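Me: Please go through this structure with me and give the grounds for each description.

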Amino acid sequence: MFQVGQDEFGYMLADILKQNNVDNSGMRFDPNARTALAFVTLRADGEREFMFFRNPSADMLLTESELDKDLIRKSSIFHYGSISLIEEPCRSTHLEAMKVAKEAGCILSYDPNLRLPLWPSAEAAREGIMSIWDQADIIKISEEEITFLTGGEDAFDDNVVLTKLYPQNLKLLLVTEGSEGCRYYTKEFHGRVHGVKVEAVDTTGAGDAFVGGLLNSLAANPELYKDEKKLREALLFANGCGAITVTEKGAIPALPTKEAVVKILDGVSTAN
């Protein structure tokens, strides 16, 4: 569920989803606000800097009455970020959508996707992101986000992750480490899955590709997080998704097909 403006950018996004066989029936078009824009500039190493135009944009104005609750109830996974928590009415809409999803038995997947320039302050960002932390089944964070959310503690310390960022009801916590791969934590086990080495051109969309790859595996096997061997295989696949994405410019155009990921992982082991 998301809202765009009744403008060229909004219609373009709807068409891209349709072209890729994604059900876009949950999209809403606001005739009175523009589609949010994010401009990405690349550094020499392929890392990004963002500039946003939302004043306010259509996504910020989505209301509870515009939610397609039946569509949410029919889903197996409800994935969300934290940007929609910044302002009303979108915040209340986000919380209601989570409530509907949880009551319907959906897996709740949370990627905070910290974008500090959008928040009023760093403290507001920290409080907002953590306000729904204990409701997720799966959380994906980056090393930088660990440092931010814990007030500067060591992002590589398993004890920090498990004591500060692993709520009681969580099923799976993932920490992405860029080209190095990812770490995983469950109540029963934790470990690391190595990355897939590629030449990075543009890291935009790598985290989303990683999450998309994992959730694709999870949709086929909702109990995946209970079997470490299967989880490691799914995480290697997710790492492959992220790796391919950084080899091309742009976010959506760089997203890989399943066949491309299988090809790049041919012969690659999950062993560290």
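The questions and replies below concern a predicted model.

Me: What makes the chain as compact as a globular protein of that length?

Reply: The chain has nine helices and ten strands. Its radius of gyration is 18 Å, close to the 19 Å that the globule rule gives for 272 residues, so the chain counts as compact in that sense. Along the principal axes, the C-alpha atoms fill a box of roughly 55 × 40 × 35 Å.

Me: Why are Ala125, Gly128 and Ile129 in helix 4 called buried?

Reply: Buried means under 20% relative accessible area. Ala125, Gly128 and Ile129, in helix 4 (residues 122–130), are buried, so each of these residues falls under that cut-off. Across the chain, buried residues make up 44% of the 272 residues.

Me: How do you know that these residues lie on the same side of helix 4?

Reply: They cover an arc of only 95° around the axis, which puts them on the same side of helix 4. An α-helix has 3.6 residues a turn, so residues three or four places apart point the same way.

Me: What do the buried residues of helix 4 pack against?

Reply: Their partners are strand 6 (107–110) and helix 5 (143–149). Contact here means heavy atoms within 4.5 Å.

Me: What share of the contacts with a separation of 6 or more comes from residues 24 or more positions apart?

Reply: Such residues account for 65% of those contacts in the chain.

Me: How far apart are the mean positions of the positive and negative charges?

Reply: The chain has 28 positive and 42 negative charges, and their mean positions are 3 Å apart.

Definitions and conventions. Residues are numbered from 1 along each chain as its sequence is written. This is a predicted model: local features need pLDDT of at least 70, side-chain atom pairs count only at pLDDT 80 or more; totals for chains, interfaces and linings use all residues. Side-chain values use heavy atoms; hydrogens and water are left out. Buried means under 20% relative accessible area, exposed over 50%, partly exposed in between (1.4 Å probe, protein chains only). Helices (H or I, at least four residues) and strands (E, at least two) are DSSP runs, numbered from the N terminus. The arc is that of the directions from the helix axis to the C-beta atoms. The radius of gyration is taken over C-alpha atoms; the globule rule is 2.2 Å times the number of residues to the power 0.38. Lys and Arg count as positive and Asp and Glu as negative; His and the chain ends are not counted. The place of a charge is taken as NZ of Lys, CZ of Arg, CG of Asp or CD of Glu.
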